[in-house]
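Here are my notes on this entry, set out as numbered points for discussion. Please read them with the sequence and the coordinates at hand.

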Amino acid sequence: MDDGLLDVAIMMGHGWPSTVKHMAGLTFGQHVKDPDFHLYRSKLFSLAAREVLPVHVDAEPVGTTPVEIEVVPQALSVIVPQNAPQNLFAHNP
């Protein structure tokens, strides 16, 4: 959670059949075996497309392509329970 990197998931495909396939894969934890699923980690992510496409962040619409998304270190204050697993954090207090 505090490694300063974005986790960017890209699911390739078109239309409802691809959407259903990806949702089933995510639900049953099989998405990592899907050749149409790609996960990247980066501080900065730029995305452009041939046509204007909607962009969602954490399932919320934020605009359209082209888009550039960047990590802003320490921009969020998050309350975490004291008993949260330490493996969630790159830097232990």
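1. In this predicted model, 56% of the contacts in the chain with a separation of 6 or more are made by residues 24 or more positions apart.

2. As to overall dimensions, the radius of gyration of the chain is 16 Å, whereas a compact globule of 93 residues would have a value near 12 Å. The C-alpha trace, taken along its principal axes, spans about 45 × 30 × 20 Å, and these two descriptions are best read together.

3. On burial and surface, 14% of the 93 residues of the chain count as buried, where the cut-off for that term is under 20% relative accessible area. The accessible surface comes to about 8000 Å², and carbon and sulfur atoms contribute 60% of that area.

4. Turning to charge, the chain carries 10 negative side chains and 5 positive ones, and a distance of 9 Å separates the centres of the two sets.

5. The secondary structure consists of 1 helix and 6 strands, and the order of these elements, read from the N terminus, is β-α-β-β-β-β-β.

6. One pairing deserves a closer look: strand β4, formed by residues 54-57, runs antiparallel to strand β5, formed by residues 60-64, and the two are joined by 4 bridges. Within this pair, Pro54 is placed opposite Thr64 of β5. The hairpin of β4 and β5 leaves 2 residues between the strands, and Asp58 in this hairpin adopts a positive phi near 50°.

Notes. Residues are numbered from 1 along each chain as its sequence is written. This is a predicted model: local features need pLDDT of at least 70, side-chain atom pairs count only at pLDDT 80 or more; totals for chains, interfaces and linings use all residues. Side-chain values use heavy atoms; hydrogens and water are left out. The radius of gyration is taken over C-alpha atoms; the globule rule is 2.2 Å times the number of residues to the power 0.38. Buried means under 20% relative accessible area, exposed over 50%, partly exposed in between (1.4 Å probe, protein chains only). Contact means heavy atoms within 4.5 Å. Accessible areas come from the Shrake-Rupley method with a 1.4 Å probe; for residues, only the protein chains shown count as cover. Lys and Arg count as positive and Asp and Glu as negative; His and the chain ends are not counted. The place of a charge is taken as NZ of Lys, CZ of Arg, CG of Asp or CD of Glu. Two strands pair if DSSP finds at least two bridges between them.
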